[in-house]
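Here's a quick tour of one model, written for someone who likes to check contacts and distances. Have the coordinates open while you read.

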Amino acid sequence: MNKTFSTILMLLLFCGSISFAQSTEELKASALRDAKIASQATLKMDFDKLLDYTYPSVLELMGGKEKAIDLLKSTFDSMKKDGFVFEKAEILGVSDVVFEDDQYRCYIEGFNQMIVGDKRIKSKSYLFGIYNSEAKFWYFMEAKQLKNTAMMDLVFPDFKTSLKIPEDEMTTEEI
């Protein structure tokens with residue numbers, strides 16, 4: 001009897017770990033998919049689509065979706081007048097997915113290349129992802145904002161994560 005119970009327990013633990021591994025791999029794949037959609041929306045200046053993937057508390061801080069769209073349009077219009085051109089917006093990878101504070105979370109590595117005036121800017125940056133399990137897609141925010149304690153108190157009071165998110169990198173070159 002003990003041997004049978006031990007065998008069943010081992011099988012349950014083994015199957016549970018396979019199920020969790022599969023689900024985290026599926027979550028990782030969906031994070032990659034959703035980050036690519038948001039990245040392409042940025043390139044296309046499709047702010048409505050981009051904001052669908054923005055964490056709701058961040059949208060609230062911006063005054064809601066309509067005000068956020070207006071703000072993004074006016075910002076990008078102003079930047080275009082100064083010679084701003086988005087050349088590339090690519091998603092390079094996804095971290096491991098962790099489950100903490102009742103949320104699945106990860107970070108996304110991205111690469112952007114832009115021209116501003118006579119300079120080309122290349123930037124590696126990170127998005128922080130939070131999975132919406134009801135809608136089955138990911139919300140994102142700039143990971144560097146996690147260090148902005150004033151904003152984080154409004155978005156995620158008492159925020160903590162085990163994810164070790166790398167620092168952004170940026171280079172510029174004359175063109």
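Let's start with Arg 120. Leaving aside neighbours within four places in sequence, Arg 120 is in contact with Glu 87, Gln 113, Met 114, Ile 115, Thr 171, Thr 172, Glu 173 and Ile 175. Keep in mind that this is a predicted model. Arg 120 has its place in strand S4, and its side chain makes a polar contact of 2.8 Å with the side chain of Glu 87. There's also a wider charged group here: Glu 87, Arg 120, Lys 122 and Glu 173 are linked in a network of salt bridges.

**Salt bridges**

Side chains of opposite charge can pair when their charged atoms come close. In this model the count comes to 12 salt bridges. Three of the pairs look like this:

| Pair | N to O distance | Relative accessibility |
|---|---|---|
| Lys 65 and Asp 48 | 3.0 Å | Lys 65: 25%, partly exposed; Asp 48: 39%, partly exposed |
| Asp 101 and Arg 105 | 3.6 Å | Asp 101: 54%, exposed; Arg 105: 2%, buried |
| Glu 174 and Lys 119 | 2.6 Å | Glu 174: 53%, exposed; Lys 119: 32%, partly exposed |

Take the Lys 65 and Asp 48 salt bridge, with its closest N and O atoms 3.0 Å apart. Lys 65 lies in helix H4 (residues 65-81) and Asp 48 in helix H2, so this pair ties together parts that are 17 residues apart in sequence.

Then there's the salt bridge between the side chains of Glu 174 and Lys 119, at 2.6 Å. That pair links distant parts of the chain, with Glu 174 in strand S6 (residues 169-174) and Lys 119 in strand S4, 55 residues apart.

As for Asp 101 and Arg 105, their side chains meet at 3.6 Å, N to O. Asp 101 counts as exposed because its relative accessibility is 54%, while Arg 105 counts as buried at 2%.

**The S4–S5 hairpin**

Strand S4 (residues 119-132) and strand S5 (residues 137-142) run antiparallel and are joined by six bridges. Within this pairing, Leu 127 stands opposite Glu 142 in S5. The two strands form a hairpin with four residues between them, and Lys 136 in the turn has a positive phi of about 65°.

**Nonpolar cores**

In soluble globular proteins, nonpolar side chains tend to be buried together. Which residues of the largest nonpolar core touch the most other members? They are Cys 106, Ile 108 and Trp 138, out of 26 residues in that core. Helix H1 (2-43), H2, H4, strand S1 (85-94), strand S3 (103-116), S4 and S5 are the elements that give two or more residues to this core. H1 gives the most, with five residues.

Not counting residues up to four places away in sequence, Cys 106 touches ten-odd partners worth browsing, including Ala 31, Val 94, Leu 127, Phe 128, Trp 138 and Leu 163. Apart from the largest core lies another core, of 18 residues, among them Tyr 107, Ile 130, Leu 146 and Leu 163.

**Thr 54**

Last stop: is Thr 54 buried or exposed? Thr 54 is buried, because its relative accessible area is 12% and the cut-off for buried is under 20%. Thr 54 is found in the loop between helix H2 (47-52) and helix H3 (56-61). A polar atom of the Thr 54 side chain lies 3.3 Å from the backbone oxygen of Leu 50. Residues up to four places away in sequence aside, Thr 54 touches Leu 59, Tyr 139 and Phe 140.

Definitions and conventions: Residues numbered from 1 in each chain as written. Predicted model: local features only at pLDDT ≥ 70, side-chain atom pairs only at ≥ 80, totals over all residues. Heavy atoms only, no water. Buried < 20%, exposed > 50% of the residue type's maximum accessible area, 1.4 Å probe, protein only. Polar contact = N/O pair within 3.5 Å; in protein donor to acceptor, adjacent residues only side chain to side chain. Contact = heavy atoms within 4.5 Å. Pairing = 2+ DSSP bridges. Salt bridge = Lys/Arg side-chain N within 4 Å of Asp/Glu carboxyl O. Core = buried A, V, L, I, M, F, W, Y, C linked by side-chain atoms within 4.5 Å.
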